[in-house]
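User: Please take a close look at one helix of this model for me. I would like a connected account rather than a list.

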Amino acid sequence: MVLPICDVCLKSGMLCQGCENKLKSGEISQMDLDIAKILYKVGDGKIGFKKTIEIGDMVIIVTEKDQVGKLIGKSGKIVREISRTIGKKVRVVGENSDLRSVARDILAPARISGINIVYGKDGLQRYKIRIMKEDSRRIPGKLDVLNNIIQGLTSENTLVVLDRNN
Ligand SMILES: [Zn+2]
């Protein structure tokens, strides 16, 4: 598992020509760089990630499934450190995870009460993801924004709603 910039750059804090070109071409973003530097410092070179997605005041770090726990850190220590340094909320999501895990990771600390398939008037099939009513104050962002993030990460049609029943 590697970081999106090379060791030389992480060690020196400056960008080599190769990484500079990646940044210029948009292959990697400034956010990728910032987070790679933090992880290099706190992770002893053992924690990597694939990419980051910035949406509003939230950054989603996509990593391999078996790296999610490491990246979050003991009791969320590493995620908190990243969040403090970059000044944004941080979520960690495993690459190619199933809809339920992605929804759980993106919507936390609000909990999901259920997911079921609904059919719209347009005949389209959607996954309706219901958030527990009692967690309405713990939802980490606007529902439509969170819904877009989940759709983007899973390529499924989804609809995030607050559960009215429990
Ligand atoms: Zn480099």
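Which strands and which helix do the buried residues of α7 pack against?

Analyst: The model is a predicted one, in which local features need pLDDT of at least 70 and side-chain atom pairs count only at pLDDT 80 or more, while totals for chains, interfaces and linings use all residues. Residues are numbered from 1 along each chain as its sequence is written, and side-chain values use heavy atoms, with hydrogens and water left out.

The buried residues of α7 pack against the strands β1 (51–55), β2 (58–63), β5 (125–131) and β6 (158–162), and against the helix α6 (99–107). Helices (H or I, at least four residues) and strands (E, at least two) are DSSP runs, numbered from the N terminus. A contact means heavy atoms within 4.5 Å.

Helix α7 covers residues 143–154, twelve in number, and at 1.5 Å a residue it should span 16 Å; its end C-alpha atoms are 16 Å apart, so the two values agree. The expected span is 1.5 Å times one less than the number of residues. The residues that are buried in α7 are L146, N147, I149, I150 and T154. Seen down the helix axis, these buried residues fall within an arc of 160°, and therefore they line one face of α7; the arc is that of the directions from the axis to the C-beta atoms. An α-helix has 3.6 residues a turn, so residues three or four places apart point the same way. On the face of α7 turned away from the buried side lie the exposed residues D144, N148 and G152. Buried here means under 20% relative accessible area, exposed over 50%, and partly exposed in between (1.4 Å probe, protein chains only). Just after the helix, S155 takes a positive phi of about 55°.

Helix α7 also borders the largest pocket, giving the most to its lining with four residues. Each of β1, β2, β3 (89–94) and α7 supplies at least two lining residues. The lining of this pocket consists of 15 residues, and K51, I53, V62, G152 and L153 are those that lie nearest its centre. G152 is thus a residue of the exposed face of α7 that also lies among those nearest the pocket centre. By type, the lining residues divide into eight nonpolar, five polar and two charged. Ala, Val, Leu, Ile, Met, Phe, Trp, Tyr, Cys and Pro count as nonpolar, Asp, Glu, Lys and Arg as charged, and the others, Gly among them, as polar. The pocket holds about 180 Å³ of space. On a 1 Å grid over the protein atoms alone, a pocket is an open set of points where a 1.4 Å probe fits, with protein on both sides within 12 Å along at least five of seven lines, and lining residues have an atom within 4 Å of a point.

As for the setting of α7, the protein chain has seven helices and six strands. From the N terminus on, these elements run α-α-α-β-β-α-α-β-α-β-β-α-β. Of the 166 residues in the chain, 37% are buried. Among contacts with a separation of 6 or more, 54% join residues 24 or more positions apart. The loop between β5 and α7 contains D135, which counts as buried because its relative accessibility is 1%. Leaving aside residues up to four places away in sequence, D135 touches P109, A110 and R111.

Note on methods:
Grid points are joined across faces, edges and corners, and a volume is the space filled by probe spheres set on the points.
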